Structure formats: C-alpha cells, structure tokens
Amino acid sequence: MTYLVIFGILTLLAYILIQISKVRDLSAKIRGEATVEAKNNDRSALYLLVFMVVFLLLSVLSAWYYKDVMLGYGPHEAASMHGDSLDFLFNITLFFTGIVFILTHIYLFWFSYKYRAKTGRKALYFPHSTMLEVIWTGVPAVVLVVLVVQGLLAWNEVMADVEPGEDYIEIEATGYQFAWDIRYPGADGKLGTKNYRLIDMATNPLGIDWTDEKSLDDVVLSGSDKLVLPRGKKVRVRITAKDVLHNFYLPHFRVKMDAIPGLPTYFVFTPKTTTEEYRDRLREYKEWQIPADETEPDGPLRWEAFEYELACAELCGKGHYSMKRILSIVEPEEYEEWLAEKNAAPYFRDNIRGTDADPYKDQLLGYEIKNRATELKTDFASALASTDAAEKIVNLRHVFFQTGSANLDEKSQYELDNLTTILNNNPTTRIELRGHTDSTGDAGANLTLSNSRAIGVQNYLLGKGINANRLIATGYGQNLPIDSNDTAEGRQNNRRTELKIL
Ligand SMILES: [Cu+2]
C-alpha cells in the first residue's frame, strides 16, 4: 500500500514538473527567448556554486562526525604491531586524494560558473600547453610513486613470514560452511601435518595425519570456544578452507587473508592490545557508554561487552554471518593457563585413540609411557612418605596377565621397567608384591593364580637385577576386593597387582 502511495506521489510530481516546463516555454515565447535563456544560465551557474559549497562541507563534516566509528581513528587504533603501518598508508592516501578531491570539485564548479554561456562570448581555442602537460602528468606521477613505494614497504613488513629459529605461536584456521575449525599445536608447539585425502567427516574432519607424531598433542577448539592469544607474541596463522572461498578477517588487528581450498595461505601478526585495554579505550566515548542490549537497561554497557571478533570477509553462502568467532587477547600468564587447560585434552587422545582410525591402536605411545612413569613415581613417593599402613600400598595399574594365566602381558613391561628404575633409585626400600583376583571361579584356584602372578612379577624384577631380599611375593586370591564383584568393571578393578612398601 505504502509503495502504491509513493508511486502515485512520484507520478504526480513528474506530471507537475512537465507542466511547469511547458508554462516556461510559453512565457519564454512571450518575453523573448534570449533574455530568458541568459537568466536561466546565470541562475543555474549560481545554484551549482551553492551545491559545491554544501557538498564539500557535508563531505568533510560527515567524515569528521563519524571518525570515531571508523577503524584507525578514535578508539579504533590498530591492536596489532603492523596495524599502524597500514593505517598510516590509508591516511597518507586520504591526504593526497583528499587534496585532489577538494581541488577538482572547486575547479569543476567554479569553471561552470565563470564560463557560463553569455551573449557575445566565444569559446577560447586552446589546443596545447607543454607546461600544463608536464604539470598534470608529473605531479600525479610523483604522488603515485610515493604511494606505491609506501604500499610496497608496508606490504613487505606485513607479509613477512617468520624467520627460521624465531619464537612464535602457530595456529591453524580452517574455514568451511559455516564455521572455523581452529587448531592449536599442543605441548610440542608444532602443528602436525594434514592431508586432504585423510578427511573423513565422521572421524577426521580436518584430515590430520595421525602418523605424524606432532599431530598427537594438537588441540582442536570446539565450535563455540573463543580463540585466545597472548599480547606481545608473534602469531602465525595457517589459513585454509575446505569447500569455498572464505576470508580470515580480524578487523581490529588489520589482519585479512583469503582462505582458499587447496592453496594454504598465512598471516603473521603480533597482538599489542589486550581485550581489557581495548575496552578501557572504548569507555572514554559516550556512544560506548550505553547498554549493550537495549532490552536490558541494567545489563553490561557496550564497552564492557566488547569482544574482538574473527569474521569471514567473503560472502560464502547463506550462513556466512555465523562464521563470527570471538578472539580474546590476554596477558601472557593468563594465556599460559588457558593453554595448559586446552593442552590437557588433545584431540587425538580424546577422539581417536583406541578407535579404528588410530594407527597406534596396539602400541603404547611415547607420551603414555612418560605419563605412566610420572604417575608411578608420584604414587610411590607418596606411599614412601606416608606412615599409614593402608597408604603404603601402590596399585600397579598397568600390569596385566594373559587371561587365566600367570604369564605377563607384553605391555606390562613399561610399568615394571618404571618400577625397576624407582627401586634402583631407592636402594634400601623393600616391597611386597601382592596378587589379587576377582571372585569368579574357585577360591582355592584364585589364590594359587594370584600367588603365581605375584611371583611372575617378582621374577621379572629379579631378572632386571633387583636384589632378592628386597622382594616378597604374596597371593591374596579373592580375599581383598576393592570394588564390587557384581559388575564387569568392579571385577576388573579387583583383578590387580599391588606393591606394599615394607
Ligand atoms: Cu565464509
């Protein structure tokens, strides 16, 4: 309906204008064409001059009025080290183009006023001036050379890759419709390799190569997790995409790079302003002192709710907007804490280990062997320090036997070798090796089995050179359960080998 009314008004306006011009034509015929035309020319030329003044004033004043909303001005100084050089480039370009913009408009409208048609005035025939040619070729050439050289310098600075041996954090961003998968390198600080052939939407959406040891501790942030990076440390982002073009854009850091399927790109930048510091800057401006959510007048103010954002700057499909992700810049200590928490849950260990996709399914991995050694060492030390008899017992969690037999399972050697090291480091400590079974089957048989299992462990340690008078082996059968014998899990806990410090 509204559109219909507007359309009607516009049609009427057009009709009125046509009628007015007809009336003018008629009055011109009555008064004489020449005088009317001269008057019209004078008036139009004056209107153009007025337009020029209003237009230039509005251009400059509106830019001034909105400057605090624009990147590079007011609170929005760059939050990264290289950002200032890009902002400088924009400013120097604005300076030169601004001069040209104002001068050409003044000339354009002034000339149309000065040289408006006048009876008796003839156009000047002015075919050539070498001087003018030199000026308007030379000046732009010099200005453009300055701009291009500045641009090249900034480009070289901004796109410089990390030097070998330099200290930096490398993370990886993989764009897809419609999110980013962010991978952190884990404890070793190195990202594992990827291969698109390994992509499997169910088990390996990023195509990470699990045979590369560097992959095993990599951390993949879950969809809603914010990215965290420390202030003052160089960050190299590996940027890729899985389906269509995306663009890794951190506006506050002046970081922007295409994410292209099949063509990895990168961006290196150093954050210099933490999220907290940026908020402090914003709170000085009154447009940031209003509630962030209009429907919640008592809620946080705009500056308090501010977060850096990672956006996709490529129109990649209908869910494009949902690729927004929060980035938090924190002090290095806070980053270390956050990182330690993330590193404690590597993607491989929590999602791949033990599944069909795990290439090491039947072996122990380096970090697991290391973890077990630490675990046993800690348990042993606290048992050694304790005066309580019950706490003198250490469960050898990773000692296993073949079903129904006293033959040690192959993987038990790691735990027992760790124990050998510990015993060598504590040469006066004597221990009792204690075998236990669950309550399945005959109690007498269980007692015998547990006894021969304890002896099996004893023999292994003797074979490793531990003195025989430091070791006792006892079988307790099913007599000392630590869990219920009614569940499979409980029974598994009850079948165990322990040591007791004597
Ligand atoms: Cu996108």
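Begin by selecting L327, which touches K226, L227, L229, L250, Y308, E309 and L310, leaving aside residues up to four places away in sequence; two residues are in contact here when their C-beta atoms, placed from the backbone, lie within 7 Å. The model on screen is a predicted one, in which local features need pLDDT of at least 70 and side-chain atom pairs count only at pLDDT 80 or more, while totals for chains, interfaces and linings use all residues. Residues are numbered from 1 along each chain, as its sequence is written.

**Around L327**

Keep L327 selected and add A173, F248 and L250, since these four are the residues with the most contacts inside the largest nonpolar core, which has 26 residues. A nonpolar core is a set of buried Ala, Val, Leu, Ile, Met, Phe, Trp, Tyr and Cys residues joined through C-beta atoms within 7 Å, and a residue is called buried if 20 or more other C-beta atoms lie within 10 Å of its own, exposed if 12 or fewer, and partly exposed in between. Now colour the strands β2, β4 (227-230), β5 (235-241), β6, β7, β8 (265-269), β9 (308-312) and β10 (325-330), each of which supplies at least two residues of this core; β5 gives the most, with 4 residues. Strands are DSSP runs of E with at least two residues, helices are runs of H or I with at least four, and both are numbered from the N terminus.

**Two loops to visit**

Go next to the loop between β6 (246-250) and β7 (255-259), where R254 is placed. R254 has a positive phi of about 55 degrees although it is not a glycine, and R254 is buried, with 23 other C-beta atoms within 10 Å. Then move to the loop between β1 (169-176) and β2 (179-184), which holds F178, and look at the peptide bond from Q177 to F178, which is cis, with omega near 0 degrees.

**A second core and helix α10**

Apart from the core around L327 lies another core, of 17 residues, among them L416, I422, L423 and L471. Select helix α10 (residues 412-425), whose 14 residues reach 20 Å from the first C-alpha to the last, close to the 20 Å expected at 1.5 Å a residue, where the expected span is 1.5 Å times one less than the number of residues. Within α10, E415, L416, N418, L419, I422 and L423 are buried, and seen down the helix axis these buried residues fall within an arc of 155 degrees, so they line one face of the helix; the arc is that of the directions from the axis to the C-beta atoms. The buried residues of α10 pack against α9 (366-385) and α11 (443-463), whereas N424 and N425, on the other side of α10, are exposed.

**Strand β11**

Select N395, in strand β11 (residues 393-395), which is partly exposed, with 16 other C-beta atoms within 10 Å. N395 touches R496 and E498, again not counting residues up to four places away in sequence.

**Zooming out**

Finally, show the whole protein chain, which has 12 helices and 14 strands. The domain assignment, which comes from an automatic or database source, gives domain 1 (1-31), domain 2 (33-118 + 129-158), domain 3 (169-352) and domain 4 (366-501). The C-alpha centres of domain 1 and domain 4 lie 102 Å apart, and the C-alpha atoms of the chain fill a box of roughly 135 × 60 × 45 Å, taken along the principal axes.
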